[in-house]
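This report covers the surroundings of the ligand and the state of the cysteines. The structure is shown first.

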Amino acid sequence: MRALSDTQARPGCHPPAATVEDFRRNLAAVRARIDAACRRAGRDPAGVRLLPVSKTVDEARIRLAYAAGCREFGENRVQEAHGKWEAMADLADLRWSVIGHLQTNKAGLVARFANEFHALDSLRVAEALERRLQAEGRALDVFVQVNTSGETSKYGLPPENVPAFVQALPAFPALRVRGLMTLALFSGEVERVRRCFVLLRTLRDRLRDGAPAGIGLDELSMGMSGDFDIAIEEGATVVRVGQAIFGVRALPDRYYWPGEAQP
Ligand SMILES: *Cc1c(COP(=O)(O)O)cnc(C)c1O
């Protein structure tokens with residue numbers, strides 16, 4: 001069994017990127033890992049999209065990442081994302097993805113600026129988004145979040161609830177369903193992490209044939225700084241990578257995922 005390298009197992013080792021050169025170097029290192037994982041899996045790297053995750057990163061450093069070539073960013077918290085979108089409206093080709101749990105009272109903000117939402121896990125949120133998107137005259141690419149680790153602290157639908165949920169989604173035409181999303185178990189044990197990704201892929205494969213018209217299930221959003229190599233080996237089409245690009249975050253992950261155990 002292949003062990004995780006130090007920076008994979010502990011993405012906190014990445015030093016903070018402070019110059020455009022730092023970002024170019026980190027992005028090149030991430031792309032090299034993506035390419036290597038694709039080679040191992042016999043996949044075309046063009047089939048894996050890198051979504052840089054900029055949560056907690058300030059505007060000045062996000063602009064450096066932009067200068068290094070990033071044209072989209074993922075954010076965990078809606079208000080933080082919306083504030084950055086407003087502050088960087090001058091960068092017209094920038095796209096924003098909301099990748100964290102959403103409360104219905106924040107749906108209006110998402111409808112205003114986001115291009116993508118990766119954490120759809122309830123019909124109440126789908127209804128709220130649909131109503132606000134209709135009002136804005138916009139559409140949103142969405143991923144259905146699945147809890148593949150069985151941890152009660154993680155958001156997302158239990159896998160057994162996903163088939164019925166997907167069948168209900170044609171009622172929301174402003175939501176363009178692209179696929180499934182998950183967060184794997186936080187663990188240094190590769191095979192336990194891999195099992196989460198395999199579960200998401202097999203669920204997607206099972207649902208794809210019977211999916212309602214207009215509901216796309218081609219995409220798998222899975223893998224972060226510590227585990228995206230494994231996710232790609234198991235079929236990820238979008239990897240959400242923060243610390244391997246921006247450097248270590250000041251706040252521990254349990255700040256973003258309430259109830260998360262300390263590493
Ligand atoms: C923060 C975050 C990531 C990226 O995590 P890193 O360890 O910084 O790569 C990915 N997905 C979600 C939902 C996140 O909140």
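A residue counts as near the ligand if one of its heavy atoms lies within 4 Å of it. The model is predicted.

## Ligand shell

There are 14 residues around the ligand, and those that come nearest are Lys 55, Asn 76, Ser 225, Gln 243 and Arg 249. By residue type, the shell around the ligand consists of seven nonpolar, four polar and three charged residues.

## Polar contacts and burial of the ligand

Oxygen atoms of the ligand are approached by both side-chain and backbone atoms. In the side chain of Ser 225, an N or O atom is 2.5 Å from a ligand oxygen. Gly 242 places a backbone N or O atom 2.8 Å from an oxygen atom of the ligand. For Gln 243, too, a backbone N or O atom is found 2.8 Å from a ligand oxygen. The ligand taken alone exposes 380 Å², of which the protein buries 99%.

## Cysteines

How many disulfides does a search of the whole structure find? The search finds zero. A disulfide is a covalent bond between the sulfur atoms of two cysteines, and the cut-off applied here is a pair of cysteine sulfur atoms within 2.5 Å. For Cys 38, the closest cysteine sulfur is that of Cys 70, 18 Å away, which is too far for a bond. Cys 70 is likewise in no disulfide, its nearest cysteine sulfur being that of Cys 38.

Are these two residues buried or exposed? Cys 38 has 0% relative accessibility and counts as buried. Cys 70 is also buried, at a relative accessible area of 4%.

Terms used. Residues numbered from 1 in each chain as written. Predicted model: local features only at pLDDT ≥ 70, side-chain atom pairs only at ≥ 80, totals over all residues. Heavy atoms only, no water. Polar contact = N/O pair within 3.5 Å; in protein donor to acceptor, adjacent residues only side chain to side chain. Areas by Shrake-Rupley, 256 points an atom, 1.4 Å probe, with all protein chains shown as cover. Nonpolar A, V, L, I, M, F, W, Y, C, P; charged D, E, K, R; others polar. Buried < 20%, exposed > 50% of the residue type's maximum accessible area, 1.4 Å probe, protein only.
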